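Hi,

Here is the structure I promised to pass on. Have a look first, and then read my notes below.

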Amino acid sequence: MERTYIDTVDRNSEFHREFRRQLLAAGVDLVDTPEQATAIFLITADNSGQRVLSVSARNVPTEYEVFYTVEYSLVSGEQTLLELQDLTFTQDYTWDETLVLGKVREEDLLREAVVGDLVRTILKQISSL
């Protein structure tokens, strides 16, 4: 992966930004076009969100799950180095409607942690090739 091009559906996603940052920190030369690249990292899906895990007796959410899913592959020329992979990481947290601001910040921090875990897992896969 001397010269890598990242082909993605969303260049502004949290995952893309963190993945790009980690590759640069590892000394990978990121190029602007696939023609310049020795490897192409293709991100075909990049989704995040949250879902309700539990509700109170009054039907008010009390626990949420933050999730982040990426689907990716790695090719070099005609050779597929990493087949299409689908990876989802989750974290759950409790919700208290009296602490809305703190809980929103907690959700953001959990999402950042999940993205970091995804990136580290993918980089570990790539480094073992």
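Let me start with the middle: how many residues does the largest nonpolar core have, and which of them have the most contacts inside it? Bear in mind that this is a predicted model. The core has 21 residues, and Phe-15, Phe-19, Phe-41, Val-70 and Ile-122 are the ones with the most contacts within it. At least two core residues come from each of helix 1 (14–25), strand 3 (39–55), strand 4 (61–76), strand 5 (79–94) and helix 2. Helix 2 gives the largest share, with 6 residues.

Val-70 is a good place to click if you want to see that core from the inside. Leaving out residues up to four places away in sequence, Val-70 touches Phe-15, Ala-45, Asp-46, Gln-85, Asp-86, Leu-87, Leu-118 and Ile-122.

Next, the sheet. It is an open one of 5 strands in the order 2-1-3-4-5, and the pairing is mixed. Strand 2 (29–30) and strand 5 are the edges, each pairing on one side only. If you walk across from the strand 2 side, this is what you meet:

- Strand 1 (residues 3–8) and strand 2 run parallel, joined by 2 bridges. Thr-4 has Leu-30 in strand 2 as its bridge partner.
- Strand 1 and strand 3 are parallel too, with 5 bridges between them. Here Ile-6 stands opposite Phe-41 in strand 3, and Phe-41 is one of the core residues with the most contacts.
- Strand 3 and strand 4 are antiparallel and share 14 bridges. Gly-49 faces Phe-67 of strand 4 across this pair. The two strands make a hairpin with 5 residues between them, and Asn-59 in the turn has a positive phi of about 65°.

Now helix 1. It lies across strand 1, strand 2, strand 3 and strand 4, and runs at about 175° to strand 1. Its buried residues are Phe-15, His-16, Glu-18, Phe-19 and Leu-23, so you will find a histidine and a glutamate in that list beside Phe-15 and Phe-19. I also checked the length of helix 1: at 1.5 Å a residue, its 12 residues should span 16 Å, and the end C-alpha atoms are 17 Å apart, which agrees. After helix 1 comes Gly-27, with a positive phi near 90°.

Two residues of helix 2 are worth opening up.

Is Arg-111 buried or exposed? This arginine is found in helix 2, and it counts as buried because its relative accessible area is 9%, while the cut-off for buried is under 20%. Apart from neighbours within four places in sequence, Arg-111 is in contact with Glu-14, Ser-48, Gly-49, Gln-50, Val-66 and Tyr-68. You have already met Gly-49 above, as the residue opposite Phe-67.

The other is Ile-126, also in helix 2 (residues 100–127). Its relative accessibility is 12%, so Ile-126 counts as buried as well. Not counting residues up to four places away in sequence, Ile-126 touches Met-1, Phe-19, Phe-41 and Leu-74. Phe-19 and Phe-41 are both among the core residues with the most contacts. Ile-126 and Leu-81 are 45 residues apart in sequence, and their C-alpha atoms are 8.6 Å apart in space.

Best wishes

Methods
Residues are numbered from 1 along each chain as its sequence is written. This is a predicted model: local features need pLDDT of at least 70, side-chain atom pairs count only at pLDDT 80 or more; totals for chains, interfaces and linings use all residues. Side-chain values use heavy atoms; hydrogens and water are left out. Helices (H or I, at least four residues) and strands (E, at least two) are DSSP runs, numbered from the N terminus. Buried means under 20% relative accessible area, exposed over 50%, partly exposed in between (1.4 Å probe, protein chains only). Contact means heavy atoms within 4.5 Å. A nonpolar core is a set of buried Ala, Val, Leu, Ile, Met, Phe, Trp, Tyr and Cys residues joined through side-chain atoms within 4.5 Å. Two strands pair if DSSP finds at least two bridges between them. Axes are lines fitted to C-alpha atoms, for helices over the stretch in contact, and angles run from 0 to 180 degrees between N-to-C directions. The expected span of a helix is 1.5 Å times one less than its number of residues.
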